[in-house]
Amino acid sequence: MKIENIELRRVRLPLVSPFRTSFGSVSEREALLVHVTTADSEGWAECAAEAEPLYSSEFLDGCELVIRDHLAPRLNAAGERLTAERVAPALAAVKGHRMSKAALETAILDAQLRTSGVSFGGYLGAVSDLVPAGVSVGIMDSIDRLLAAVEGYLDEGYLRIKLKIEPGWDLAPVRAVRERFGPDVLLQVDANTAYTLADARHLARLDPFDLLLIEQPLAEDDMLGHAALATLIQTPVCLDESIESARDAAAAITFGACSIINVKPSRVGGYLEARRIHDVAAAHGVPVWCGGMLETGIGRAANVALAGLPNFVLPGDTSASSRYYAQDLTKPFVLEDGHLRVPTGPGIGVEVLPDVLHDLTVSSSDIRF
C-alpha cells in the first residue's frame with residue numbers, strides 16, 4: 001500500500017460537562033486527527049494525546065511535530081511495501097511517542113481494511129457483537145452532585161460506575177455511592193497516580209466497599225510499589241499508565257503488581273500491541289478492559305471493536321457518545337441495554353460527518369508523499 005497524503009487535522013469539541021480528574025479539569029476536547037489517503041482508499045485515526053503533558057509525556061503540539069518531522073518520513077521510505085503490520089518496525093528507531101505511532105498505525109490499518117472489506121473487529125478477533133459499557137465519573141464539587149450524576153448514568157443503563165479519586169476525595173464519595181445505590185452496582189475507582197505507597201493504610205479503608213478494582217493508585221514507574229500495595233489491600237489493583245507494552249504487562253503480572261489491566265490502545269502504540277497485551281494477560285488468567293481518553297466516534301469505534309475480544313471481560317470506558325459530546329464527529333454510539341454495538345463495516349466501520357468536521361476544525365495541514 002502506497003500512501004499519497006497524510007492530513008493532520010486539529011479539532012475542538014465542547015464537552016457536555018466539565019470532566020475533572022487528579023490531573024485537572026477540562027471543558028473541551030482538542031484532538032489531532034490523522035487522515036491517510038492511498039490510491040484506493042482512506043483511513044482515519046485519532047491521536048489520544050491531550051493539549052498538555054499531564055496524563056503522559058506526549059501532548060498535541062509535540063505529536064504533530066514528531067509525526068511530520070520524524071515518523072512520516074520513515075513511512076515514506078517504506079514505499080509500496082508498507083502495511084499496518086510493518087508500521088511499528090518502520091518507526092522503531094524513534095524512541096517512545098506511542099500515541100503518535102498509534103495514530104499512524106490505526107489510520108493505515110483503517111485504510112488497509114477498507115480496501116479488503118474487513119472490519120476492525122473481524123481483523124482483531126472480536127467474538128462479541130455487543131460490549132458492556134461502563135462510565136467514568138469525574139471529581140465533583142459535592143457529594144450531592146456526584147450522587148445525582150451516578151443516578152443519571154445508572155438510569156441510562158450503564159453497567160459499571162468508575163469514580164475518579166484523589167487525596168481528600170476518596171472514602172466519602174465511595175461510601176456515599178455504595179450506601180445510596182447498594183452492593184449490586186459494579187463500582188471501581190481510578191486514582192491516576194495520585195497516591196504513594198505511604199498511603200496504603202488509607203487505601204485499605206476502601207476494602208469494605210467491595211470495589212471491582214482500584215486503578216493506577218501509584219506513579220506509573222512504581223511497579224514494585226504496586227506489587228507491595230497489592231499485598232496490603234484487598235481491593236484488586238489494576239494498572240493503566242504503567243502498561244505501555246506487552247512486555248510491561250508480562251512484567252507487572254510476574255511481579256504481582258496487578259491482577260487486572262486497563263488496555264488503552266493509544267498508550268501502548270496501537271491496536272496490534274493492544275491485542276498482544278490482551279493475549280499475554282489471557283495466557284496468565286488476568287482479565288482486561290478497554291480504557292478511554294474522551295475519544296470522538298473515530299477513536300471510540302476502534303476501541304469498541306477491541307473490547308469485543310474474548311478476554312475483555314469487564315465493562316470498559318466505552319461510553320455512549322452522549323456521555324461527552326452533544327455533537328460527535330461520526331454518527332453517535334448509543335447504549336443498547338447497557339452495551340455498545342461493535343461496528344461491522346469495513347475498517348473502523350464509521351464515517352466522518354463532513355459538515356461537522358468542517359465546523360469543528362481548528363487547523364489542517366498535509367504531508368504529501
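These notebook entries record what I looked up in a predicted model.

**Entry 1. The antiparallel sheet**

I began with the open sheet of 4 strands, whose order is 3-2-1-13 and whose pairing is antiparallel. I noted strand 3 and strand 13 (361-368) as the edge strands, each pairing on one side only. For the twist I recorded that neighbouring strands of this sheet are turned by 20° against each other on average, with direction ignored. I then looked up the contact between strand 1 and strand 13, which pair in the antiparallel sense over 7 bridges. Within that pairing I found T361 of strand 13 to be the bridge partner of V11.

**Entry 2. W44 on the edge strand**

I next turned to W44, which is found in strand 3 (residues 42-47). I asked whether W44 is buried or exposed. Its relative accessibility is 7%, and because buried means under 20%, W44 counts as buried. I listed its contacts, leaving aside neighbours within four places in sequence: E7, L33, V34, H35, T106, A107, D110, R114, I298, I348, V352 and L357. I also checked a pair far apart in sequence: W44 and V350 are 306 residues apart along the chain, and their C-alpha atoms are separated by 9.7 Å.

**Entry 3. Salt bridges**

I counted 22 salt bridges in the structure. I noted as background that side chains of opposite charge can pair when their charged atoms come close.

I examined R20 and E166, whose side chains meet in a salt bridge at 2.9 Å, N to O. This pair links distant parts of the chain, with R20 in strand 1 (residues 3-21) and E166 in the loop between strand 6 (160-164) and helix 6 (171-181), 146 residues apart. I compared the burial of the two partners: R20 counts as partly exposed at 30% relative accessibility, whereas E166 is buried with a relative accessible area of 16%.

I then looked up R114, one of the contacts of W44. The side chain of R114 meets that of E351 in a salt bridge (3.1 Å, N to O). R114 lies in helix 3 (residues 98-116) and E351 in the loop between strand 12 (339-341) and helix 13 (354-360), so the pair ties together parts that are 237 residues apart in sequence. I recorded R114 as buried, with a relative accessible area of 18%.

For E336 and R341 I found a salt bridge of 2.9 Å, N to O, between the side chains. Both partners are partly exposed: E336 has a relative accessible area of 34%, and R341 has one of 43%. I also noted one network, in which salt bridges that share partners join R10, R12, E28, E30, D61 and E64.

**Entry 4. Strands 9, 10 and 11**

I moved to the parallel strands. Strand 9 (residues 237-239) and strand 10 pair in the parallel sense over 2 bridges, and C238 stands opposite I260 in strand 10. The chain crosses from strand 9 through helix 9 (residues 246-255) to strand 10, and I recorded this β-α-β crossover as right-handed. With strand 11 (residues 288-290), strand 10 pairs in the parallel sense over 3 bridges. Here I261 stands opposite V288 in strand 11.

I asked which way the residues of strand 10 (residues 260-263) point. I260 and N262 point one way, I261 and V263 the other way, and all are buried.

**Entry 5. Nonpolar cores**

I looked up the largest nonpolar core, which has 124 residues; V137, L163, L206 and I261 touch the most other members. Helix 1 (residues 60-78) contributes the largest share of this core, 8 residues. Apart from it lies another core, of 5 residues, among them L213, I260, W289 and L314. I thus found I261 of strand 10 in the largest core and I260 in the other one.

For L163 I listed the residues touched, not counting those up to four places away in sequence: V137, L146, V150, P173, V174, V177, L187, Q188, V189 and D190.

**Entry 6. Helix 12**

I closed with helix 12 (residues 297-306) and asked why it is largely enclosed by the rest of the structure. I found that 10 of its 10 residues are buried, so the helix is largely enclosed. The buried residues include I298, which is also a contact of W44. R300 and N303 are among the buried residues of helix 12 as well.

Terms used:
Residues numbered from 1 in each chain as written. Predicted model: local features only at pLDDT ≥ 70, side-chain atom pairs only at ≥ 80, totals over all residues. Heavy atoms only, no water. Buried < 20%, exposed > 50% of the residue type's maximum accessible area, 1.4 Å probe, protein only. Pairing = 2+ DSSP bridges. Right-handed = clockwise from strand over helix to strand, strands pointing away. Salt bridge = Lys/Arg side-chain N within 4 Å of Asp/Glu carboxyl O. Contact = heavy atoms within 4.5 Å. Core = buried A, V, L, I, M, F, W, Y, C linked by side-chain atoms within 4.5 Å. Axes fitted to C-alpha atoms, helices over the stretch in contact; angles between N-to-C directions.
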